[in-house]
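Dear colleague,

I am handing over the structure below, together with some notes on what turned up when I went through it. Please look it over first and then read on.

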Amino acid sequence: MAPIPSPTTTAEAWLSSFAAALAGGDPQAVVALFGPECFWRDLVAFTWNLRTEEGPEAIAAMLAARLADVAPHGFQLRGEASEAGGRVEAWFGFETRVGRCSGHLRLRDGRAWTLFTALDELKGHEERVRERRPAGAQHGVHPGRQSWAERREGERQALGVTEQPDVVIVGGGQAGLSLAARLRHLEVSALVLEKQPRPGDHWRRRYKSLCLHDPVHYCHFPYLPFPEGWPLYTPKDQLADWMEAYVSVMGLNVWGGSPVRSARFDPAEGRWQVSTERDGQPVVLRPRHLVFAMGVSGYPLMPSLPGAESFAGDQHHSNAHPGPDAYRGKRCVVVGSNNSAHDIAAALWEAGAAQVTMLQRSSTLIAPVPALEKYGFADVYSERTVAQGITAEQSDMTIASIPYKLLPQWQKPIYDAMRVEYADLYARLEKAGFLLDFGADDSGVFMKFLRRGSGYYLDVGASELVADGRIQLRSGVQIERLTPQTVVLNDGSELEADLVV
């Protein structure tokens with residue numbers, strides 16, 4: 001009997017056949033290496049876009065349009081392949097006419113089930129890191145030389161005034177600053193416009209008990225990962241200070257207190273005209289590229305409630321909630337049942353509010369954070385993966401390699417296990433009247449986030465307060481109107497209230 005080939009041998013054989021078929025310029029020969037159910041997810045390497053081709057016909061059509069221009073070559077397996085559940089998985093590298101790329105492969109029955117390709121860098125435009133890092137010092141004698149501080153200050157004074165940035169990034173949160181750092185290392189001039197005065201202020205201004213619900217391994221910034229002793233779940237003010245320090249250390253150009261008033265593209269000039277402010281004075285910037293990095297969860301949706309003007313107590317959106325200290329002994333109504341609602345309700349209860357009532361308008365997914373650590377993050381973002389030599393970048397690429405259509409079947413087992421381990425908590429929540437769900441197809445938090453950006457609470461303790469009645473619950477109801485002293489619900493009942501969040 002012939003020996004069973006190792007996963008690495010199987011992956012190498014497939015990759016060699018794939019490279020030969022691409023070099024031959026025959027899309028049909030390439031497609032023959034894919035199974036009947038197959039996906040090719042590409043991040044810029046082949047399509048100059050973020051695309052997923054599903055099925056042999058779509059893959060063949062993409063190759064017919066792009067193969068000649070891409071000219072892929074130099075395919076090499078990276079490390080050893082692995083096998084689990086009847087699937088062989090492997091990483092590989094390759095080049096195109098213009099860039100260097102990474103790829104990931106999943107084989108079933110010897111043929112490709114998923115293929116992932118991503119452009120890492122453009123030839124001739126590599127990041128200025130490691131062996132390409134700037135010298136910093138100017139050795140030798142240079143009359144009239146400027147120090148680093150003088151050059152940096154000159155750059156700050158010129159950018160947006162006498163020199164236009166190539167890129168304007170609207171929003172100085174994690175995405176905006178990360179992109180600015182990438183562009184800095186590519187020697188592309190970029191300017192970040194942030195409406196708050198200082199980087200990180202959008203975190204500083206939130207309720208004081210706020211901490212990130214995602215572990216530190218999931219939240220690193222490029223080039224400057226959090227220190228090894230950084231908290232597992234970062235407090236919001238500590239994160240804000242880190243962002244401000246990141247701007248300084250990475251040498252990023254950020255204008256604080258600079259909201260964007262308008263933007264339009266001038267096709268004749270090939271530039272945008274972006275109206276903003278600097279130090280209270282109007283400024284028009286003319287970048288070649290405009291990037292919006294304003295997040296998905298930062299915009300308060302404040303309902304218009306009949307009688308709101310007559311309410312004698314405090315009413316505000318969670319975005320403006322100052323924290324619980326002023327509401328000791330007060331009657332508090334928190335409208336909603338997702339992350340912010342649970343956090344705020346729990347903090348009010350801890351601070352000694354006389355009564356805290358949560359209004360749950362529709363069903364909510366409850367995911368205990370210890371279960372997410374155990375089932376969701378352990379194999380991708382955790383100390384265990386760090387100990388295995390898996391970097392955050394590698395984890396990011398692994399997640400990116402999964403076609404979105406397949407994500408639900410990857411996620412569902414996490415919540416199947418969670419429902420078993422936390423059956424008692426879920427039973428007590430339902431007994432208290434809490435409306436539970438686990439997503440449209442029981443696929444959990446990540447799919448809910450991708451699909452709608454809400455509908456869940458990553459439980460760090462408040463669910464126990466709801467389950468045992470310390471936080472009172474009214475579910476399946478809406479606010480009909482406010483009176484000077486009460487919240488009137490659409491079932492005719494009333495709640496006395498000094499605060500409505």
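**Two helices in contact**

Helices α12 and α14 are oblique to each other, and this holds because their angle of about 135° falls neither under 35 degrees, nor over 145, nor between 65 and 115. Please keep in mind throughout that this is a predicted model. Helix α12 covers residues 407–421 and helix α14 covers residues 445–452, and their axes lie 8 Å apart. On the side of α12 the contact is made by Leu407, Pro408, Gln411 and Tyr415, while α14 contributes Val445, Phe446, Met447, Leu450 and Arg451. Sorted by kind, the residues of this contact comprise seven nonpolar, one polar and one charged.

**Salt bridges**

Side chains of opposite charge can pair when their charged atoms come close. In this model the count comes to 37 salt bridges, and I describe a few of them here.

One of them joins Arg204 and Glu244, whose side chains meet at 2.9 Å, N to O. This pair links distant parts of the chain, since Arg204 belongs to helix α6 (residues 201–204) and Glu244 to helix α7 (residues 236–249), 40 residues apart. Are the two partners buried or exposed, or something in between? Arg204 is buried, with a relative accessible area of 16%, because the limit for that class is under 20%, whereas Glu244, at 27%, is partly exposed. Both residues also take part in a network of salt bridges that links Arg198, Asp201, Arg204, Asp241 and Glu244.

A second pair that connects distant parts of the chain is Asp498 with Arg331, where the closest N and O atoms are 3.0 Å apart. Asp498 sits in the loop between β22 (494–496) and β23 (499–500), Arg331 lies in strand β15 (residues 331–335), and 167 residues separate them. Arg331 counts as partly exposed, at 24% relative accessibility.

The salt bridge between Arg156 and Glu153, by contrast, stays inside one helix, as both residues lie in α4 (residues 148–158), three residues apart, which is about one turn of the helix. Their closest N and O atoms are 3.3 Å apart. Arg156 is partly exposed, with a relative accessible area of 37%, and Glu153 likewise counts as partly exposed, at 35%.

With kind regards

Methods: Residues are numbered from 1 along each chain as its sequence is written. This is a predicted model: local features need pLDDT of at least 70, side-chain atom pairs count only at pLDDT 80 or more; totals for chains, interfaces and linings use all residues. Side-chain values use heavy atoms; hydrogens and water are left out. A salt bridge is a side-chain nitrogen of Lys or Arg within 4 Å of a carboxyl oxygen of Asp or Glu. Helices (H or I, at least four residues) and strands (E, at least two) are DSSP runs, numbered from the N terminus. Buried means under 20% relative accessible area, exposed over 50%, partly exposed in between (1.4 Å probe, protein chains only). Axes are lines fitted to C-alpha atoms, for helices over the stretch in contact, and angles run from 0 to 180 degrees between N-to-C directions. Contact means heavy atoms within 4.5 Å. Ala, Val, Leu, Ile, Met, Phe, Trp, Tyr, Cys and Pro count as nonpolar, Asp, Glu, Lys and Arg as charged, and the others, Gly among them, as polar.
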